[in-house]
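Work through the two exercises below with the sequence and the structure at hand, and attempt each task before reading its solution.

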Amino acid sequence: MAARSVRKKPARKKPARKKPARKKPARKKPARKKPAGGKSARKKSAHADADDQARKQRDISVSEFFAKNRHLLGFDNPSKALLTTVKEGVDNSLDACEEAGILPDIRVEIEQQDESRFRVAIQDNGPGIVRAQVPRIFGRLLYGSKFHRLRQSRGQQGIGISAAGMYGLLTTGRPVKITTRTGRGREAHHFQLIIDTQKNEPRVSVDRVVKWPVQHGTRVEIELEGNYRGGQHSVDSYLRQISLANPHARIVYQPPSAPPEKGNGKARPPEEIEFPRVAKQLPPLTAEIKPHPYGVELGVLMQMFRDTKARNLRTCLQGDFARVSARIAEEICKTAEVPSSRRPRDVRRGEAERVHKAIQKTKIMSPPSDCIAPIGEDLILRALKAEVEADFYASVTRRPAVYRGNPFLVEAGLAYGGNLGLEQPITLFRYANRVPLQYQQSACAVTKAVIGTDWRSYQLQQPRGALPVGPALVMVHIASVWVPFTSESKEAIAHYPEIVKEIRLALQECGRRVATHIRKGKREADEAKKRAYIEKYIPQVAVGLEHILGLNERQRDKVVKNLTNVLEKSRKL
Ligand SMILES: Nc1ncnc2c1ncn2[C@@H]1O[C@H](COP(=O)(O)OP(=O)(O)OP(=O)(O)O)[C@@H](O)[C@H]1O
Ligand SMILES: [Mg+2]
């Protein structure tokens, strides 16, 4: 009874509550009066209602977005901007040369124009760029040939070089200059253009045919606000590291002039630095692959069903994915209880979900591995030997593995001893598709894997949760058809467990080999110490025997000679 009365009370009260609601217009009146003056009148005008907000809502051009968020692309400070510009140009040149089967010959020039302004030029002997494509490549963000494919290359997003040009324009107002030629019998074209950030469209100011002694290739010049610095994050260090991972490339680098000498107004002429070609063979040409069904998310699958040219579900699964045969496609459809003859566009959401689940339940071969080109154990060793003087070198190339359906492969190299620093953390070189990663070391899966490896069991010191300490250089290379970077600036690799595991396995293999070397070294040092000790006491032993056994001088010398011979024989053993 009590419960009933409790329920009824609020029911009866409800109409009473509504009354004040009806009174609301009366309350609003004073609010309308307020414009006559007073604080709340100003407050009201400061707020925007839905109509006000609607008037302000509009498209955001991708260039406007990245101009504001240039740090996402690696242009967050002048020295990084200079490095990123060189990097984008060189990465593109290497990609273009390799795709065209040309051994890369690249020239990088940096000229300092005033304290903070630089002109960067990158020239290659690649295939050149077709005239009609030049404005869009350099004057439009998110335009490129690599995004829509699954193939190992340095670039993948279609932002790199146009973003560098945009940064140059924003900081100096100067256009990007491009000279390109696609072959001997063809004309060379020279362009000057800027990016219209509001429209994300190129605006060409110069487009003319020029005489260029180069048979084929591209030269890009960008003026930008920068800062030239040495050290780990410098252009010099980047070029040194990229030549280490690309032994087939020859890179000539002209650094900016040194500041004028005192009493002499002229700048010292800069000396060119050459990073020679170590290997005369190009990396093997990698195949483009289709997505592996295991890595495709439901939304993507539905989109693929909408976009496919295939007539039915079976041919769609078979043709648009890697490793799906007609039999596997039928099996997937059967498990999903969706007819394999269904037109992909007619597959409903529920059915697509069943197909997605059925894919995960079906046994499908791993993606093919010929889409990945490792540097290779031999070349890593050669490159390491050319780079650092050490006592011991090791390199490991793992077999391809898969993350989110994308094939990838990990390689590691290690140099130990020699000139490498003793009491400091090891030097770590990280690479993704042969490109050195110089920033965000602590955010990278490679660093996580190096720290997560127990280096103490491999005879190296390691503070808890930190890089090992000792005279070593470790390089890790991840090659993949799609490298999962943590941001558009491509500085660190995301922590996919499969990737971290593969890196750790490669490092452990290098660790085991270096441990054997270090133990052997310790054993030899220990033995040498004991030997020196024995050598020192052999004459004393002989003198002792001389006294005890009453040996003459000749016999005593013979004892010394015999004992020394025994010691010598033990060394040979
Ligand atoms: N030196 C070059 N020679 C030939 N083609 C080039 C050259 N530089 C750029 N390209 C073409 O221009 C496209 C756009 O280059 P961009 O650097 O903007 O993007 P990307 O290399 O595709 O990806 P990312 O943004 O990851 O660098 C490339 O995909 C390539 O097709
Ligand atoms: Mg690029």
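The exercises that follow go from the fold as a whole to the surroundings of the ligand.

This is a predicted model, in which local features need pLDDT of at least 70 and side-chain atom pairs count only at pLDDT 80 or more, while totals for chains, interfaces and linings use all residues. Residues are numbered from 1 along each chain as its sequence is written, chains are lettered from A and ligands numbered from 1 in the order in which they are written, and side-chain values use heavy atoms, with hydrogens and water left out.

**Exercise 1.** Describe the secondary structure and the burial of the protein.

*Solution.* Begin with the DSSP runs (helices are H or I, at least four residues; strands are E, at least two; both numbered from the N terminus), which give 16 helices and 14 strands. Next, take burial (under 20% relative accessible area, 1.4 Å probe, protein chains only): of the 573 residues, 45% are buried.

**Exercise 2.** Work out which residues and helices surround ligand 1, and where polar contacts are made.

*Solution.* First, collect the residues near the ligand (a heavy atom within 4 Å); there are 20, and S145, Q156, I159, G160 and K490 come nearest. Second, assign helices: α5 (78-99) and α7 (160-172) each supply at least two residues of this shell, and α5 gives the most, with 3 residues. Third, look for polar contacts (pairs of N or O atoms within 3.5 Å): oxygen atoms of ligand 1 lie 2.8 Å from a backbone N or O atom of G158, 2.7 Å from a polar backbone atom of I159 and 3.5 Å from a polar side-chain atom of E88.

Terms used
Buried means under 20% relative accessible area, exposed over 50%, partly exposed in between (1.4 Å probe, protein chains only). A polar contact is a pair of N or O atoms within 3.5 Å; within protein, one must be able to donate a hydrogen and the other to accept it, and residues adjacent in sequence count only if both atoms are side-chain atoms.
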